[in-house]
Amino acid sequence: FTLPKSRPVILGVESALAKKLETECKKHGYYPIILDDLLAATRRVSEINPNAILLDLDADDTISGVSLAYRLKRTADTAKVPIIAFAENPPEIQSELDRYEGIVLEAFLRKDFDEDEIGAAITMVEAYWYLAQTS
């Protein structure tokens with residue numbers, strides 16, 4: 001089974017994390033596009049139509065990673081794209097996310113994730129798209 005859409009998008013991450021995520025995606029047969037302009041991200045993600053978004057919630061550009069997650073989940077063109085989110089301190093970021101009504105991210109990992117954790121998140125996204133295709 002392969003994902004029915006285009007490549008995953010990696011958003012707003014420092015270069016070391018972006019490289020680690022790119023390597024893990026490639027191990028699973030996906031070749032991601034890395035975007036570091038958070039302000040233009042919603043438009044670019046709509047144009048690319050990715051099968052998943054890997055988002056650094058700690059990113060702070062002209063908008064924060066948390067604000068971007070909210071925008072992506074509230075924009076019609078990107079609302080159904082699964083987000084695998086990364087943060088240095090997930091409980092702290094989760095409390096910030098809780099302030100945004102109805103925002104649910106499909107996977108939430110620490111930035112120091114291991115191969116099994118990212119593998120499980122990618123498998124979950126694959127299952128998400130498989131179920132979406134068959135229902």
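In what order do the five strands of the open sheet stand, and is their pairing parallel or antiparallel? The order is β2-β1-β3-β4-β5, and the pairing is parallel. Before going further, the reader should know that this is a predicted model, in which local features need pLDDT of at least 70 and side-chain atom pairs count only at pLDDT 80 or more, while totals for chains, interfaces and linings use all residues. Residues are numbered from 1 along each chain as its sequence is written, and side-chain values use heavy atoms, with hydrogens and water left out.

## The sheet

Helices (H or I, at least four residues) and strands (E, at least two) are DSSP runs numbered from the N terminus, and two strands are said to pair if DSSP finds at least two bridges between them. In general, the strands of a sheet pair through backbone hydrogen bonds, either parallel or antiparallel. In this sheet of five strands, the edge strands are β2 (33-35) and β5 (107-110), each of which pairs on one side only. Neighbouring strands are turned by 20 degrees against each other on average, direction ignored; here axes are lines fitted to C-alpha atoms, for helices over the stretch in contact, and angles run from 0 to 180 degrees between N-to-C directions.

Strand β4 (residues 83-87) is joined to β5 by four bridges, and the two run parallel; within this pair, phenylalanine 86 stands opposite leucine 109 in β5. Strands β3 and β4 also pair in the parallel sense, over four bridges, and leucine 55 stands opposite alanine 85 in β4.

How many of the five residues of β4 are buried? A residue is called buried under 20% relative accessible area, exposed over 50%, and partly exposed in between (1.4 Å probe, protein chains only). By that rule five of the five residues of β4 are buried, so this strand is largely enclosed by the rest of the structure. Ile83, Ala85 and Ala87 point one way from β4, whereas Ile84 and Phe86 point the other way.

## Helices across the sheet

Helix α3 (residues 65-74) lies across β1 (9-11), β3 (53-56) and β4, and runs at about 150 degrees to β3. Helix α4 (residues 90-97) lies across β4 and β5, running at about 145 degrees to β5.

## Cores and cavity

A nonpolar core is a set of buried Ala, Val, Leu, Ile, Met, Phe, Trp, Tyr and Cys residues joined through side-chain atoms within 4.5 Å. The largest such core has 25 residues, and those with the most contacts inside it are Leu11, Ile53, Leu55, Leu57, Leu68 and Leu105. Two or more residues are given to this core by each of β1, β2, α2, β3, α3, β4 and α4. Apart from it lies another core, of 19 residues, among them Tyr30, Leu54, Leu109 and Val125. Contact means heavy atoms within 4.5 Å, and, not counting residues up to four places away in sequence, leucine 11 touches residues including Leu35, Val45, Ile53, Leu55 and Leu68.

On a 1 Å grid over the protein atoms alone, a cavity is a set of points where a 1.4 Å probe fits but cannot get out, and lining residues have an atom within 4 Å of a point. Grid points are joined across faces, edges and corners, and a volume is the space filled by probe spheres set on the points. The count comes to one cavity of 30 Å³ or more, and about 80 Å³ of space lies in the largest cavity. Of the eleven residues that line the largest cavity, the closest to its centre are Pro8, Tyr30, Asn51, Ala52 and Ile122. Helix α5 (residues 115-134) gives the most to this lining, with three residues.

## Four single residues

| Residue | Place | Relative accessibility | Class |
|---|---|---|---|
| Glutamate 22 | helix α1 (residues 15-27) | 16% | buried |
| Aspartate 36 | loop between β2 and α2 | 61% | exposed |
| Alanine 40 | helix α2 | 16% | buried |
| Asparagine 49 | loop between α2 (38-48) and β3 | 35% | partly exposed |

Leaving aside neighbours within four places in sequence, glutamate 22 is in contact with Ile10, Pro32 and Ile34, and aspartate 36 is in contact with Gly12 and Asp61. Aspartate 36 and valine 13 are 23 residues apart in sequence and 6.7 Å apart in space, C-alpha to C-alpha. The C-alpha atoms of alanine 40 and glutamine 94, which are 54 residues apart along the chain, are separated by 24 Å.

Most residues other than glycine have a negative phi. Phi of asparagine 49, however, is near 55 degrees, a positive value in a residue other than glycine.

Notes. On a 1 Å grid over the protein atoms alone, a cavity is a set of points where a 1.4 Å probe fits but cannot get out, and a pocket is an open set with protein on both sides within 12 Å along at least five of seven lines; lining residues have an atom within 4 Å of a point.
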